[in-house]
Amino acid sequence: MGQIDGFMKFEREMPKSRDTKERIKDYKEVYNPLDKEKVKQQAARCMDCGVPFCHNGCPLGNNIPDFNDAVYNGKWEEAIRILSSTNNFPEFTGRICPAPCEASCVLSINNKPVTIEYIEKTIAEQAFEKGYLKPTPPKHRTGKRVAVVGSGPAGLAAAAQLNKAGHWVTVFERSDRIGGLLRYGIPDFKLEKHVIDRRLRLMEQEGIVFRTNAHVGVNISAKHLQDEFDAIVMCGGASAPRDLPIPGRNLKGVHFAMDFLSQQNKRVAGDKLAIEEIMATDKNVLVIGGGDTGSDCVGTSNRHGAKSVTQIELLAKPPAKRDDANNPWPLWPMILNTSSSHEEGANRQWAILTKEFVGDSAGRLTGMKLVDIKWGVNAQGKMGFEEIAGTERVIPCELVTLAIGFVGAEKGGLVEELKLELDERGNIKTQNYMSTQEGVFSAGDVRRGQSLVVWAISEGREAARAVDTWLMGSSNLEAKDESFIHIEQEA
């Protein structure tokens, strides 16, 4: 534990964010770091609660009280050793995880939780700064070769673990840079890309091979992978976006959120775009979808210099505080969340139904027809909504981003070539991470559906253990303690 009375002596303190007027001029990370002594104080709040529910909240099962105690005592090298035993990339999760562990912290019952996520980030940064994280290639190689398809968090975690087990690992990525969702889905103001590159250098020095512009199923055949590798791990993500098929969908100015976000990440990287650019500058922007991706569209639009930014959500507005009767601790709190992007400016509206994209004679988007709705239980006893008469209106907008989730894996390419079966949700069907094709495994969003980065890392680790066991008959890779009932929050 931390300090025995730390949770009574110290208040929760988070790093201060940069001024909104200044930070929307760049794509640097929003928060300034806390002083190391402040971080130790925050670790001191960990209360040795007997049953650490934070383990349950964390999909990785991180040993949170142990690394908090190490931080409190200034043992940073021990802290990164503890953290790295369950989490391959704490520098990622310490920045972009919604921290379900904090929602499950026992202090959350009647106080503010321990700042677990920020402590995690600080441990990782200290480890890189002090040189505690060094390349550690395996001492022995098995001679087995494994192909990992997709370089997002699931693919990178699977690759790291399989390499640790001594297999030769090659990661195939269809884009021009490694990172998947981390690289092209998350804005730089939440995760600067040098953080990814720093980790990739370590992984390369440990023996992992990365191949970019390698679209398996398009310019690389499935047969090639089956001929050259002993096992394949599919980690392509749930990359098929959910569409909004209402009148006017084909108007110029309506785009999927990921197209909008990935373009901006490419601009920040200095790339020249070969396709039509999607810009929010001087436009009225409407973001459809109230989740993290929608929030990222808000922050990016403000940095473009949008005339106005409106974000709408189909569901009703969440309460400001947890409802202990219907949403008790340690379940994920279904409350209103305000992100750093929202702080920078956005008109947020809830319980809104989209009716039609409105355009001009040239086929350009000029507005959106909306109507307010009321949620309730219908005659069949199911939750539903009805439109509120007299609330239909058209709001001006020249750019719409669709941030309404994903519907599963892309159905063509490698999935089709390997004749992989899909489940009822459109994800790759597996048993113990192996697909219906012998030797072909799957992990991450492509297997479980759209979820969190921390879940993707967990999936990659578990799939790697399954692959290692299949190849070698047993595995010494760390296994997640399945006695924990993890509390999941969908992205």
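**Exercise 1. Find where Lys-419 sits, then check its backbone and its exposure.**

Solution. Start with the place: Lys-419 lies in the loop between helix H17 (413–417) and strand S14 (440–442). Helices (H or I, at least four residues) and strands (E, at least two) are DSSP runs here, numbered from the N terminus. A word on ground rules: this is a predicted model, where local features need pLDDT of at least 70 and side-chain atom pairs count only at pLDDT 80 or more, while totals for chains, interfaces and linings use all residues. Residues are numbered from 1 along each chain as its sequence is written, and side-chain values use heavy atoms, with hydrogens and water left out.

Next, the backbone: phi of Lys-419 is near 55°, a positive value in a residue other than glycine. For context, most residues other than glycine have a negative phi. Last, the surface: Lys-419 has a relative accessible area of 68%, so it is exposed. The cut-offs are under 20% relative accessible area for buried, over 50% for exposed, and partly exposed in between (1.4 Å probe, protein chains only).

**Exercise 2. Run the same check on Asp-282.**

Solution. Asp-282 is in the loop between H14 and S6. Its phi is near 60°, again positive in a residue that isn't glycine. With 57% relative accessibility, Asp-282 counts as exposed.

**Exercise 3. Work out the strand order of the five-stranded sheet, and say which strands stand at the edges.**

Solution. Take S13 (residues 399–402) as the starting point. Strand S5 (residues 254–256) pairs with S13 in the parallel sense over three bridges, and His-255 stands opposite Thr-401. Pairing here needs at least two DSSP bridges between the strands. Strand S6 (residues 284–288) also runs parallel to S13, over four bridges, with Val-287 as a bridge partner of Thr-401.

Now extend the picture: the open sheet reads S5-S13-S6-S7-S8, with parallel pairing. S5 and strand S8 (347–350) stand at the edges with a single partner strand each, so one side of each has no neighbour in the sheet. From one strand to the next, the twist averages 20°.

Then add the helices. H14 (residues 257–268) packs on the sheet, touching S5 and S13, and its direction makes about 75° with that of S5. H15 (residues 292–304) packs there too, touching S6, strand S7 (308–313) and S13, at about 175° to the direction of S7. Contact means heavy atoms within 4.5 Å; axes are lines fitted to C-alpha atoms, for helices over the stretch in contact, and angles run from 0 to 180 degrees between N-to-C directions.

Finally, the side chains of S13: Leu-399 and Thr-401 point one way, Val-400 and Leu-402 the other, and all are buried.

**Exercise 4. Describe the surroundings of Asn-163.**

Solution. Asn-163 belongs to helix H10 (residues 153–164). Its relative accessibility is 2%, so Asn-163 counts as buried. Leaving out residues up to four places away in sequence, Asn-163 touches Pro-138, Arg-141, Val-169, Glu-206, Gly-207 and Ile-208. With one of these, Arg-141, Asn-163 makes a side-chain polar contact of 3.0 Å. That term covers a pair of N or O atoms within 3.5 Å; within protein, one must be able to donate a hydrogen and the other to accept it, and residues adjacent in sequence count only if both atoms are side-chain atoms.

**Exercise 5. Locate Pro-330 and name the geometry of the peptide bond before it.**

Solution. Pro-330 lies in the loop between S7 and helix H16 (340–343). The bond from Trp-329 to Pro-330 is cis, with omega near 10°.
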